[in-house]
Amino acid sequence: MTAATIDEAAPRVADVASRTPLELNARLSAATGAQVWLKREDLQPVRSYKIRGAYNLIVQLDAEARGRGVVCASAGNHAQGVALACRRLGTHGRIYVPGTTPRQKRERIVTLGGADVEVIVVGDSYEDAFRAAQQDAADTGAVLVPAFDDPRTISGQGTVAPEIVEQLGHAPDLLVVPVGGGGLIAGMATWMHERHPATRVVGVEPAGAASMGAALAAGAPTPLAEVDPFVDGAAVGTAGRHTFPLVRDAGAQLMTVDEGHACTEMLRLYQSDGIIAEPAGALATAALDAGLVIEPGSTVVCVVSGGNNDISRYGEVLERSLIHQRLKHYFLVSFPQEPGALRRFLDEILGPDDDITLFDYVKRNNRETGPALIGVELASADDLSGLLERLEDSPLGVERVAPGSPLFHYLV
């Protein structure tokens, strides 16, 4: 894998992938004091950069290999790239996706691939789907098309880097890239390290699936004990054996962003910029206010990697965002079973701008008190201390539902 390998992939990829826009973003530029540009890979025909790697691999197969068909595993975006490649090249594909893949992505796979692909749902994680795809390839002779861990996939995905430099007219000072298994950052960092070594490359992982950071810390790909599947486009439990050394040798830096923070940035992108990003697509821009050091006046490019977000998920996205911003809180409150108890709670404990978003109460006639599960949304995170003080001073029995507790996971 060299910069030349990626340059050679560029004309192949151009047959199917769009030359996506590079847009200056006023909101993020004002917030950081830098020039922040967004590379809009969410505007690809499959709404993510994954078409680059999938097509680059499949188009290089000879007629005999294409005749055996291809198989892949994906949380959704790579599957769409494989589906479109199969349709364009007349190759049959079997695509394994975990049960956590949003319905919108599954439907798009079928739409893009048509009769040339079949979608098979298996397991609860990318790793489950990948094992099934590996077994299929071993049993049938079909060609395995990895989502990130193959030099041909990496080379195709890496073509985003030279495209950015061509569009910008020069190399950026800082390049921020979302990271799942590492194919995108491995290709882009390799090309930048060789062609423009002064550019700082930062990879951003979801906090609940930071497999590349774990690999760099351990010196080798290391399976995570647990993976949060919410950022499905980047929820990979083990960094790739090809991607890891490339990221390490290119000197890319890694950082994490909380899933709730990614949700907040998704909403900002939508409400302020008119960009529909999936959780993984919002990782790079979310990093800009998550502790990333940015030089004032520097040129920063963030890759918006995908826009395949199921609209039915926006309820959870909003909930996670409010919790991240410390605006949403849950309590178990024991009310005395007497008239006026709820009214006193509203008048004496809730602040003037506090809003009850959940109230679940079951009256128990054989007891003097009855428990209620209450969700409260605050107008400002600074209002929390006053609410907690009033709850503590009240005669009510109050238990705060802690983030990470079993009940909290049930609610969110």
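This report walks through the overall build of a predicted model, then turns to one helix and a few individual residues.

## Overall build

Let's start with the whole chain. The protein has 412 residues, for which a compact globule would have a radius of gyration near 22 Å; the value found here is 24 Å, which agrees. Along the principal axes, the C-alpha atoms fill a box of roughly 80 × 50 × 40 Å. The secondary structure is made up of 18 helices and 14 strands.

Contacts across the sequence are well represented: among those with a separation of 6 or more, 75% join residues 24 or more positions apart.

## Surface and charge

Of the 412 residues, 54% count as buried. The exposed area of the protein is about 17100 Å², and carbon and sulfur atoms supply 50% of it.

There are 35 positive and 52 negative charges, and the mean positions of these two sets lie 5 Å apart.

## Helix α6 and its two faces

Helix α6 spans residues 103–113, and it is worth a closer look in the viewer. Its buried residues are Gln104, Lys105, Arg108, Ile109, Leu112 and Gly113. These residues sit on the same side of α6, because they cover an arc of only 145° around the axis. On the face turned away from that buried side you will find the exposed residues Arg103 and Thr111.

What does the buried side of α6 pack against? Its partners are helix α5 (77–89) and the strands β4 (93–97) and β5 (117–121). Just after α6 comes Gly114, with a positive phi of about 60°.

## Arg108, a buried arginine

Arg108 belongs to α6 and is one of the buried residues of that helix. Its relative accessible area is 17%, so Arg108 falls under the 20% cut-off for a buried residue.

Leaving aside residues up to four places away in sequence, Arg108 touches Pro45, Val46, Arg47, Gln80 and Asn308. Ala83 is 25 residues from Arg108 in sequence, and their C-alpha atoms are 9.1 Å apart in space.

## Two arginines with positive phi

One of the residues touched by Arg108 is Arg47, which lies in the loop between β2 (35–40) and α3 (50–58). Its phi is near 65°, a positive value in a residue other than glycine. Is Arg47 buried or partly exposed? Arg47 counts as partly exposed, because its relative accessibility is 31%.

Arg326 also has a phi near 65°, again positive in a residue other than glycine. This residue is found in the loop between α15 (314–324) and β11 (328–336). With a relative accessibility of 43%, Arg326 counts as partly exposed.

## Thr199, a buried loop residue

Our last stop is another loop, the one between α10 (183–195) and β8 (200–206), where Thr199 lies. Thr199 has a relative accessible area of 9%; this is under 20%, so the residue counts as buried.

Which residues does Thr199 touch, not counting residues up to four places away in sequence? They are Ala171, Pro172, Asp173, Leu175 and Met192.

Definitions and conventions:
Residues are numbered from 1 along each chain as its sequence is written. This is a predicted model: local features need pLDDT of at least 70, side-chain atom pairs count only at pLDDT 80 or more; totals for chains, interfaces and linings use all residues. Side-chain values use heavy atoms; hydrogens and water are left out. Helices (H or I, at least four residues) and strands (E, at least two) are DSSP runs, numbered from the N terminus. The radius of gyration is taken over C-alpha atoms; the globule rule is 2.2 Å times the number of residues to the power 0.38. Buried means under 20% relative accessible area, exposed over 50%, partly exposed in between (1.4 Å probe, protein chains only). Contact means heavy atoms within 4.5 Å. Accessible areas come from the Shrake-Rupley method with a 1.4 Å probe; for residues, only the protein chains shown count as cover. Lys and Arg count as positive and Asp and Glu as negative; His and the chain ends are not counted. The place of a charge is taken as NZ of Lys, CZ of Arg, CG of Asp or CD of Glu. The arc is that of the directions from the helix axis to the C-beta atoms.
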